Amino acid sequence: MDPSLIEIITTAVRTSRRAGLSAGEQRDAAQAVLVAMVPSLAPAIAQLIVDQLYPFVPEAEIAA
């Protein structure tokens, strides 16, 4: 089963936060992951998706 967009973004944010990246860098990392997973996805659309879903990344997931 393919992961949902929120799962992909949560994983990218969690990994980048553990690496000490800032919130902006976390969004950039999530966008890069989306574009890598779906090469036909335009970077601007990936950015829009991340911008819309980033606020819903569970804090508990990030802190774990």
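Which residues in α1 are buried? In this predicted model, the answer is Ile8, Ile9, Thr10, Ala12, Val13 and Ser16. Let's start with that helix and work outwards.

Helix α1 is 14 residues long and spans 20 Å from its first C-alpha to its last, close to the 20 Å expected at 1.5 Å a residue. Just after α1 comes Gly20, which has a positive phi of about 90°.

Two of the buried positions deserve a closer look. Ile8, in helix α1, has a relative accessibility of 11%, and it counts as buried because that value is under the 20% cut-off. Setting aside neighbours within four places in sequence, Ile8 is in contact with Pro3, Val33, Leu34 and Met37. You can also look from Ile8 across to Gln31: the two are 23 residues apart in sequence, and their C-alpha atoms are 9.8 Å apart in space.

Ser16 also sits in helix α1. Its relative accessibility is 4%, so Ser16 counts as buried too. Leaving out residues up to four places away in sequence, Ser16 touches Leu21, Gln26 and Ala29.

Now for the nonpolar core. The largest one has 12 residues: Ile8, Ile9, Ala12 and Val13, together with Ala30, Leu34, Leu41, Ala46, Ile49, Val50, Tyr54 and Val57. Helices α1 (5-18), α2 (23-37) and α3 (43-53) each supply at least two residues of this core, and α1 gives the most, with four residues. Ile49 is a good residue to click on here: not counting residues up to four places away in sequence, Ile49 touches Leu5, Ile9, Leu34 and Leu41.

What about charged pairs? A search of the whole structure finds one salt bridge. Its partners are Arg27 and Asp51, whose closest N and O atoms are 3.1 Å apart. Arg27 belongs to helix α2 and Asp51 to helix α3, so the pair ties together parts that are 24 residues apart in sequence.

Are the two partners of this salt bridge buried or exposed? Each falls in between: Arg27 counts as partly exposed at 27% relative accessibility, and Asp51 is partly exposed with a relative accessible area of 30%. Compare that with Ser16, which is buried at 4%, and with Ile8, buried at 11%.

To retrace the route on your screen, begin with the buried residues of α1, among them Ile8 and Ser16. Then follow the core to Ile49, and finish at the salt bridge between Arg27 and Asp51.

Technical notes:
Residues numbered from 1 in each chain as written. Predicted model: local features only at pLDDT ≥ 70, side-chain atom pairs only at ≥ 80, totals over all residues. Heavy atoms only, no water. Core = buried A, V, L, I, M, F, W, Y, C linked by side-chain atoms within 4.5 Å. Buried < 20%, exposed > 50% of the residue type's maximum accessible area, 1.4 Å probe, protein only. Contact = heavy atoms within 4.5 Å. Salt bridge = Lys/Arg side-chain N within 4 Å of Asp/Glu carboxyl O. Expected span 1.5 Å × (residues − 1).
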